[in-house]
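The exercises below are meant to be worked with the sequence and the model side by side. Try each task before reading the solution that follows.

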Amino acid sequence: VAAAEPLPERRSLLAAALPFTQALLAQVGRTLARAQAALAWPEGSPPSPPLPPPPCAPLSDADLRTYLGPGGRLLRPHDLRLHVYHGGVEPGLRKVVWRYLLNVFPAGLSGQERLAHLRQKAGEYAALKALLAARAAPAELALVGAAVRKDVVRTDRGHPYFGGPEEGHPHLAALQALLTTFALGHPRLSYCQGMSDVAAPLLAVLDDEAQAFLCFC
């Protein structure tokens, strides 16, 4: 535009528009200057992203006790989750902490109440497993069982918990049972490939079929 010579009839329009254009550009410049000053941005550079919180050590038993109140009640669940998010959990404590993280317990339970809750849920799981297996049509039970079995026999077989001969393996049988029970209890979802990869570490850490089922759900 600057290189092009305007036609005579347009010169008056350009002359009239020039003050408005200059005023607009000046106003934009002042606005940008105020924004940069308010946000403390260096001239011509984008804002810096917020610094991530410093990493912390994995959650230990002593750390966990700081989140518990009288009677073993969990008082600061959000802070506990943040600690685990930023630092992880010591391997020996995963069996305890994963049940908090996966919402197995209602809020506000004491230590004794949590144990009673687990016993109650274990009984409910055993009854549910038997009921669903008895209710299912033989064809449905065979179809679901075959789909689950296909994944179970090849999931984490290099891990000591699932290693060894397939026939009569108690941990493979437990993984098969909890996934089959879940599929029969959720017919719209049923079993999807990869569910075994989620359930296997839960079972290996908790070493309890009913609790692994609760955490998986």
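**Exercise 1. Decide whether His-117 is buried, partly exposed or exposed, and list its contacts beyond its sequence neighbours.**

Solution. In this predicted model, His-117 has a relative accessibility of 13%. Buried means under 20% relative accessible area, so His-117 counts as buried. The next step is to place the residue, and His-117 is found in helix H5. Finally, when neighbours within four places in sequence are left aside, His-117 is in contact with Val-104, Phe-105, Pro-106 and Leu-109.

**Exercise 2. Find which residues lie nearest the centre of the largest pocket, and state the classes in its lining.**

Solution. Begin with the space itself, which comes to about 210 Å³ in the largest pocket. Its lining is made up of 15 residues, and those nearest the centre are Leu-74, Pro-77, Tyr-100, Phe-105 and Ala-107. Helix H3 (77-87) and helix H4 (94-101) are the elements that give two or more residues to this lining. Sorting the lining by class then gives 10 nonpolar, 2 polar and 3 charged residues. Phe-105 therefore appears twice in these exercises, since it is among the residues nearest the pocket centre and is also a contact of His-117, which counts as buried.

**Exercise 3. Describe the largest nonpolar core, and explain why it lies between two domains.**

Solution. First, the overall architecture: the chain has 9 helices and 0 strands, and of its 217 residues 29% count as buried. In soluble globular proteins, nonpolar side chains tend to be buried together. The largest nonpolar core has 43 residues, and Leu-59, Val-97, Leu-175, Leu-178, Leu-179 and Leu-203 have the most contacts inside it. Two or more residues each come from H3, H4, helix H5 (111-135), helix H6 (138-152), helix H7 (170-185), helix H8 (195-206) and helix H9 (209-216). H7 supplies the largest share, 9 residues. Because domain 1 (55-103) and domain 2 (114-216) both give residues to this core, it lies between them.

To see one of these core residues in detail, take Leu-179: residues up to four places away in sequence not being counted, it touches Val-148, Val-152, Tyr-191, Met-195, Ser-196, Ala-199 and Phe-216.

**Exercise 4. Work out how Trp-98 is placed relative to Leu-202, in sequence and in space.**

Solution. Trp-98 sits in helix H4, and with a relative accessible area of 21% it is partly exposed. Trp-98 and Leu-202 are 104 residues apart in sequence, yet their C-alpha atoms are 8.5 Å apart in space. Apart from neighbours within four places in sequence, the contacts of Trp-98 are Pro-201, Leu-202 and Val-205. For the chain as a whole, among contacts between residues at least 6 apart in sequence, 60% join residues at least 24 apart.

**Exercise 5. Which loops hold Asp-156 and Asp-207, and what is the sign of phi in each residue?**

Solution. Most residues other than glycine have a negative phi. Asp-156, although not a glycine, has a positive phi of about 55 degrees, and its place is in the loop between H6 and H7. Asp-207 likewise has a positive phi, near 55 degrees, and belongs to the loop between H8 and H9. As a last step, consider accessibility: Asp-156 counts as partly exposed at 36% relative accessibility, and Asp-207 is partly exposed with a relative accessible area of 48%.

Definitions and conventions: Residues are numbered from 1 along each chain as its sequence is written. This is a predicted model: local features need pLDDT of at least 70, side-chain atom pairs count only at pLDDT 80 or more; totals for chains, interfaces and linings use all residues. Side-chain values use heavy atoms; hydrogens and water are left out. On a 1 Å grid over the protein atoms alone, a cavity is a set of points where a 1.4 Å probe fits but cannot get out, and a pocket is an open set with protein on both sides within 12 Å along at least five of seven lines; lining residues have an atom within 4 Å of a point. Grid points are joined across faces, edges and corners, and a volume is the space filled by probe spheres set on the points. Helices (H or I, at least four residues) and strands (E, at least two) are DSSP runs, numbered from the N terminus. Ala, Val, Leu, Ile, Met, Phe, Trp, Tyr, Cys and Pro count as nonpolar, Asp, Glu, Lys and Arg as charged, and the others, Gly among them, as polar. A nonpolar core is a set of buried Ala, Val, Leu, Ile, Met, Phe, Trp, Tyr and Cys residues joined through side-chain atoms within 4.5 Å. Buried means under 20% relative accessible area, exposed over 50%, partly exposed in between (1.4 Å probe, protein chains only). Domain bounds come from an automatic or database domain assignment. Contact means heavy atoms within 4.5 Å.
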